[in-house]
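Here's a friendly walk through a protein model, one feature at a time. Have the sequence and the 3D view ready, and look up each spot as we go.

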Amino acid sequence: MTPPATPVPPPPPLAGAIDVHAHYITPRLRSAMEAAGHGQPDGMPSIPDWSPEAALAAMDRTGIAAALLSVSSPGVHYGDDDAARDLARAVNEEGASLVRAHPERFGLMASLPLPDLPGALAEIRHALDDLGADGITLHTSYADRHLGDPYYEALMAELDRRRAIVLLHPTSPPCWEATSLGRPRPMLEFPFETTRAVTHLILGGVLERYPAIRFIVPHAGGALPALADRGAAFTFASAGPRVDVLGALRRLYYDLAGFALPRLLPALLTLTDPDHLLYGSDYPYTPDWAVHALAEALADSDCLAGKGLEPMRHGAAAALFPRLASATSAPD
């Protein structure tokens, strides 16, 4: 009697993908967050579990060839500059160690101890020059100042000089107690925080003054696809120089972490082209099973049918991160 054939598992939905929006949580970072009262970060139920082994297993299931690791909100600064410098240095060193252990699977988007500007400038030098980090993570605001504020001018100048890749990440806004409706801030506040920060960067002229910075906007642009025309129209009422809002938005990169479908991605594609779209998992804040389901939806989306899927899955990130491009390749 012939034994039944062993079922062949389905292929992963995004084979060869480069994930630009993945997080890591080391024991040192977890302890610091809990000690500072961030055991439920941004109103979420808990700090999720993370280990390199679990991350690699989740990546393999979805087909992710490589992931750029970053620290999510609330970052590394909890009120004390010296402690923030120490924590930024520690998590960046730990992230670099993960990259050395898995050079073909992990990259590092280093953290900075902002709003401590001198500390941040020193950590940029250490992260990029000594650790070989692939880029930098910036949150949408620090201590009541959104990105685009003149306070960050020296930071932007340094990032521009280095042609840095910068992953933006939302965080709880200064007024979240009044605006979040008692809900976790990632539900509503994060998309609007992203929108505020990017709008401030554009209208404040930061993108024009520092064009060498490659910004990655998270979560399919937040509310930008819905509000872009409104922002562009209001520049006509401004007394300052005219700003090409839509042109600036078209030049940015956007990751598709979170709920890009069914409505957000079609709107985003009216602002930019598929070669400016990047894959993002948001793991482990998005759990493994949800990462897989969202990846399946992207792979099957009519929005990316034809020539749109490959740039999002691999090509656009490979151009930004050639080190990982040389270690990974998209399937034929």
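## A greasy patch on the surface

Let's begin with leucine 188, which sits in helix 7. (Helices here are DSSP runs of H or I with at least four residues, strands are runs of E with at least two, and both are numbered from the N terminus.) Keep in mind that this is a predicted model, where local features need pLDDT of at least 70 and side-chain atom pairs count only at pLDDT 80 or more, while totals for chains, interfaces and linings use all residues. Residues are numbered from 1 along each chain as its sequence is written, and side-chain values use heavy atoms, with hydrogens and water left out.

Is leucine 188 buried or exposed? It falls in the middle: its relative accessibility is 34%, so it counts as partly exposed. (Buried means under 20% relative accessible area, exposed means over 50%, and partly exposed is in between, using a 1.4 Å probe and protein chains only.) Leu188 belongs to a nonpolar surface patch together with Leu181, Met187, Phe192 and Leu227, and their accessible area adds up to about 460 Å². Helix 7, residues 185-203, gives the most to this patch, with 3 residues.

How is a patch picked out? Its residues have over 30% relative accessible area and no salt bridge; like charges are joined within 9 Å, and nonpolar side chains (Val, Leu, Ile, Met, Phe, Trp, Tyr) within 5 Å. The areas themselves come from the Shrake-Rupley method with a 1.4 Å probe, and for residues only the protein chains shown count as cover.

## A patch of negative charge

Now for a charged patch: Asp80, Asp81, Asp82 and Asp86 form a negative one on the surface. (Asp and Glu count as negative, Lys and Arg as positive; His and the chain ends are not counted. The place of a charge is NZ of Lys, CZ of Arg, CG of Asp or CD of Glu.)

You'll find aspartate 80 in the loop between strand 2 (64-70) and helix 3 (81-101). Aspartate 80 is partly exposed, because its relative accessible area is 41%.

## Pairs that bridge the chain

Side chains of opposite charge can pair when their charged atoms come close. In a salt bridge, a side-chain nitrogen of Lys or Arg lies within 4 Å of a carboxyl oxygen of Asp or Glu. How many salt bridges are there by this rule? The count is 12. One of them joins arginine 85 and aspartate 116, at 2.5 Å from N to O. This pair links distant parts of the chain, 31 residues apart: arginine 85 is in helix 3, and aspartate 116 is in the loop between strand 3 (106-110) and helix 4 (117-130). Arginine 85 is partly exposed at 37% relative accessibility, whereas aspartate 116 is buried at 5%.

Another bridge, at 2.8 Å from N to O, brings together glutamate 153 and arginine 209. Glutamate 153 is in helix 5 (residues 153-161) and arginine 209 in helix 8 (residues 206-209), so the pair ties together parts 56 residues apart in sequence. Helix 8 also holds glutamate 208, whose partner is arginine 251 in helix 10 (residues 245-251), 43 residues apart. That salt bridge spans 3.2 Å from N to O. Glutamate 208 is exposed at 57%, and arginine 251 is partly exposed at 46%. There's a network of salt bridges too, linking Asp129, Glu158, Arg161 and Arg162.

## Unusual backbone spots

Most residues other than glycine have a negative phi, and most peptide bonds are trans. Where do we find cis peptide bonds? One joins leucine 114 and proline 115, with omega about 15°, and another runs from leucine 261 to proline 262, with omega near 10°. Proline 115 is in the loop between strand 3 and helix 4. Proline 262 is in the loop between strand 9 (253-255) and helix 11 (264-268).

Aspartate 42 isn't a glycine, yet it has a positive phi of about 55°. It lies in the loop between helix 1 (27-35) and helix 2 (52-62), and it is buried, with 8% relative accessible area. Arginine 163, also not a glycine, has a positive phi of about 50°, and its place is the loop between helix 5 and strand 7 (165-169).

## Cysteines without a bond

How many disulfides does the structure hold? The count is 0, where a disulfide is a pair of cysteine sulfur atoms within 2.5 Å. Cysteine 175 is partly exposed at 36% relative accessibility, and cysteine 303 is partly exposed at 28%.
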